[in-house]
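Please walk through this protein chain with the 3D view open. Turn the model as you read, and find each part before moving on.

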Amino acid sequence: MEHICSIQGMESSNRALPRLRTLTSFLAPYRRTMLLGLGLGLAANAAGLATPMVTKWVLDTLGAGGSMARPIGVLLLLVVLGAAVGLWQWRLLGTLAEHIVLDARTAIVRHYFRARVGDLQRRPTGELVTRATSDTQLLREASSSIVGLVNAGIALVGTLVLMGVLDLFLLGCTIAAVLVVAAVMGALMPRIAAAQTAAQESMGRLGGALEGALRAVRTVKASRAEARVTERIVADARQVATHSVRSAVVTASVWTIAWTGIQLAVIVILGVGAWRAQRDLLEISSLIAFLLYVFQLMGPITELTQNTTALQAGIAAAGRIREVESMAVEPAAPATTATARPATPDPDQPVLEFRRVTARYGPDAPPAVREVDLVVPRRGHTAIVGPSGAGKTTLFSLVLRFLEPEHGQLLLDGRPYATYGHDEVRSRLAYVEQETPVVPGTIRDNLRFTHPDASDEEIRAVLRAVRLDEKVDSLPEGLDTLLSSTEVSGGQRQRIALARAMLRTPDVLLLDEATAQVDGLTEAALQECVRQRAAVGAVVTIAHRLSTVLDADRIVVMENGRIRTQGTHAELLASDDLYRRLVEALRIAAEEPVAVGA
Ligand SMILES: Nc1ncnc2c1ncn2[C@@H]1O[C@H](COP(=O)(O)OP(=O)(O)OP(=O)(O)O)[C@@H](O)[C@H]1O
């Protein structure tokens with residue numbers, strides 16, 4: 001462990017110790033395998049260390065004119081044993097490293113999907129992806145590096161001891177050379193670590209920028225911004241390259257110093273050794289064995305260098321991976337949960353209720369909604385309207401528990417949200433997002449996304465309801481058509497998302513209408529589905545279309561995070577100025593020519 005401690009000392013950052021602990025926490029479950037790896041490494045080392053001594057035996061036997069069979073046999077045995085044990089260790093540690101990478105990736109992916117939506121959305125998606133894909137790779141080398149460091153340390157000490165057995169004077173020369181090399185390497189190592197950390201951080205930024213730009217590729221092209229965007233992202237790539245080049249240059253210097261130092265040491269030792277042999281202070285066979293040890297010294301020194309570099313990269317990566325764990329997760333279901341849901345809920349009791357709810361997105365942010373009181377009846381269509389930033393989406397986020405109220409509470413079936421688990425609440429809702437309503441995969445995957453056990457009949461029924469059955473039948477691969485590979489229009493995507501939400505009867509259908517104009521067929525399908533659902537359950541829409549507002553049983557007008565007023569279309573037209581202006585804006589939008597396409 002001495003080597004590990006000295007490496008901590010090299011880390012310029014004062015966070016090195018907790019970061020190393022972070023790394024070792026990934027390795028802890030594999031302690032036994034690592035110990036076995038260490039044992040195998042020591043055995044391979046022992047075989048390697050014995051080889052020069054046996055070579056000396058061969059030479060001495062040759063000088064004495066004895067039989068060569070035994071020493072040569074032992075030499076061969078050592079080579080074969082060393083190779084077999086080395087191979088075993090290599091495979092063991094290679095497999096172990098992959099398990100550790102897999103563990104880290106699994107932990108990250110699990111954490112992402114347990115994290116709060118707000119925490120995830122605050123960070124660029126590409127950066128989150130880089131942490132799971134690229135940072136975890138650095139753990140691979142780091143995992144075997146600890147074993148490698150201990151092995152190399154022991155091999156180094158073993159080699160020096162055996163050199164001492166052969167000739168103490170030459171050992172003194174060797175140690176002096178090793179100390180000089182080690183001092184130079186020690187001075188350069190922290191710079192490698194700093195450059196690698198910076199490179200990984202730039203890599204995260206590169207991932208984030210590239211992912212964001214590719215997502216918005218249509219806007220990028222329409223704005224003729226390809227060159228600017230490319231330049232900005234390439235600048236991030238250049239940053240990665242700059243830091244990586246710095247790391248490569250310092251690494252090259254470390255290696256060159258190590259190699260040259262050893263070569264110089266060999267020449268000095270050869271000269272000094274020859275001079276001592278001439279004076280009969282040293283046998284020729286001992287000098288040869290000593291020189292073999294000097295060459296062998298490169299092995300542990302190389303390993304120490306490589307493993308230290310890998311360990312530093314791993315420590316940096318482990319720190320970044322652990323940052324993921326600082327993202328708060330959604331709380332587990334309360335232990336005292338819930339009496340079973342009544343088979344026939346009281347029809348007069350609201351399905352959802354907001355009681356003086358105030359919520360904000362961060363401790364320093366202003367409230368996004370304030371003192372909201374809202375009742376959503378068990379049946380019927382409630383439309384929410386309001387200017388941009390009024391807090392409509394925030395209401396949905398609260399219902400879906402993406403955001404928790406700061407004050408006040410929400411109730412489902414008359415029971416406070418706090419008494420339900422997140423899953424329990426969401427199992428009663430269906431949600432159609434405005435921006436990205438479909439998930440990667442086939443049409444079937446999308447339709448079964450909420451209810452993986454849905455039958456083909458159920459799927460057909462909802463496709464019919466959103467008037468997509470004929471379109472899907474006309475596709476060569478039908479339901480197995482990949483959404484990415486086919487020409488599925490924005491309106492059709494909306495309808496697929498709606499079909500998914502309609503698949504099993506949710507208590508509340510939450511529909512965030514697309515702000516963009518949709519084709520006539522989509523609009524009609526939406527309207528009909530909403531009507532059907534509203535007849536048997538609750539539908540809440542964030543309305544961006546006049547037809548939706550006209551269809552609603554009650555309309556909630558929001559302004560500056562508060563509910564300004566509520567009522568029917570006729571009541572609000574007569575009583576509320578803001579509502580009249582909003583409807584006028586929707587009317588103008590509705591009168592604009594709309595492209596029709598199925
Ligand atoms: N993720 C977020 N982080 C911080 N503030 C947010 C976040 N989302 C919304 N807000 C803020 O909360 C307020 C309400 O936003 P909200 O998205 O609920 O409005 P909206 O009525 O849905 O607007 P729009 O019609 O433009 O979608 C706004 O001031 C907005 O800036």
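Start with a pair of strands. E9 and strand E10, which covers residues 562-567, run antiparallel and are joined by five bridges. The two strands form a hairpin, with two residues between them. Asn560 sits in that turn and has a positive phi of about 50°. Now look across the pair. Met558 has Ile563 in E10 as its bridge partner. Val556 stands opposite Gln566, again in E10. Keep in mind that this is a predicted model.

E9 has another partner as well. Strand E3, residues 380-385, pairs with strand E9, residues 554-559. This pairing is parallel and runs over four bridges. One place to find it is Thr382, which stands opposite Arg554 in E9.

Now step back to the whole chain. How is the protein divided? There is a domain 1, residues 2-325, and a domain 2, residues 352-583. The centres of domain 1 and domain 2, taken over C-alpha atoms, are separated by 54 Å. The strands just described, E9 and E10, have residue numbers 554-559 and 562-567.

Turn to the part of the chain with lower numbers. An unreviewed UniProt entry lists residues 35-313 as "domain: ABC transmembrane type-1". Which kind of structure fills residues 35-313, helix or strand? The chain there is 93% helix and 0% strand. The end C-alpha atoms of this stretch are 22 Å apart. The unreviewed UniProt entry also gives the annotation "transmembrane region" to several stretches, including 71-90 and 252-274. Residues 71-90 are 100% helix and 0% strand, with end C-alpha atoms 28 Å apart. Residues 252-274 are also 100% helix and 0% strand. Their end C-alpha atoms lie 33 Å apart.

Next comes an open sheet. Four strands form this sheet in the order E2-E1-E4-E5, and the pairing is antiparallel. Which strands are at the edges? They are E2 and strand E5 (415-416), and each pairs on one side only. Inside the order, strand E1 (residues 352-359) is joined to strand E4 (residues 407-412) by five bridges, running antiparallel. Leu352 has Leu412 in E4 as its bridge partner.

Pick out one residue of this sheet. Leu374 lies in strand E2, residues 369-376. Is Leu374 buried or exposed? Leu374 counts as buried because 22 C-beta neighbours lie inside 10 Å. Leaving aside neighbours within four places in sequence, Leu374 is in contact with Phe354, Val556 and Ile563. Two of these names came up before: Val556 stands opposite Gln566, and Ile563 is the bridge partner of Met558. Leu374 can also be compared with Val357. The two are 17 residues apart in sequence, and their C-alpha atoms are 9.1 Å apart in space.

Now find the ligand. Which residues surround the ligand? Among them are Gln121, Tyr361, Ala365 and Ala368. The surrounding residues also include Gly386, Ser388, Gly389, Ala390 and Gly391. Lys392, Thr393 and Thr394 belong to the group too. Helix H11, residues 392-399, gives the most to this shell, with three residues. By class, the shell has four nonpolar, seven polar and one charged residues.

Two loops deserve a stop. Most residues other than glycine have a negative phi. Arg401 has a positive phi of about 65°, although it is not a glycine. Arg401 lies in the loop between H11 and E4. Arg401 counts as buried, because there are 21 C-beta neighbours inside 10 Å. Asp413 also has a positive phi, of about 55°, and it is not a glycine either. Where is Asp413 found? Asp413 is in the loop between E4 and E5. Asp413 has 18 C-beta neighbours inside 10 Å, so it counts as partly exposed.

Technical notes
Residues numbered from 1 in each chain as written. Predicted model: local features only at pLDDT ≥ 70, side-chain atom pairs only at ≥ 80, totals over all residues. Domains from an automatic or database assignment. UniProt positions renumbered as here; feature names shortened; annotations may be inferred. Pairing = 2+ DSSP bridges. Near = placed C-beta within 6 Å. Nonpolar A, V, L, I, M, F, W, Y, C, P; charged D, E, K, R; others polar. Buried ≥ 20, exposed ≤ 12 C-beta atoms within 10 Å, placed from the backbone. Contact = placed C-beta atoms within 7 Å.
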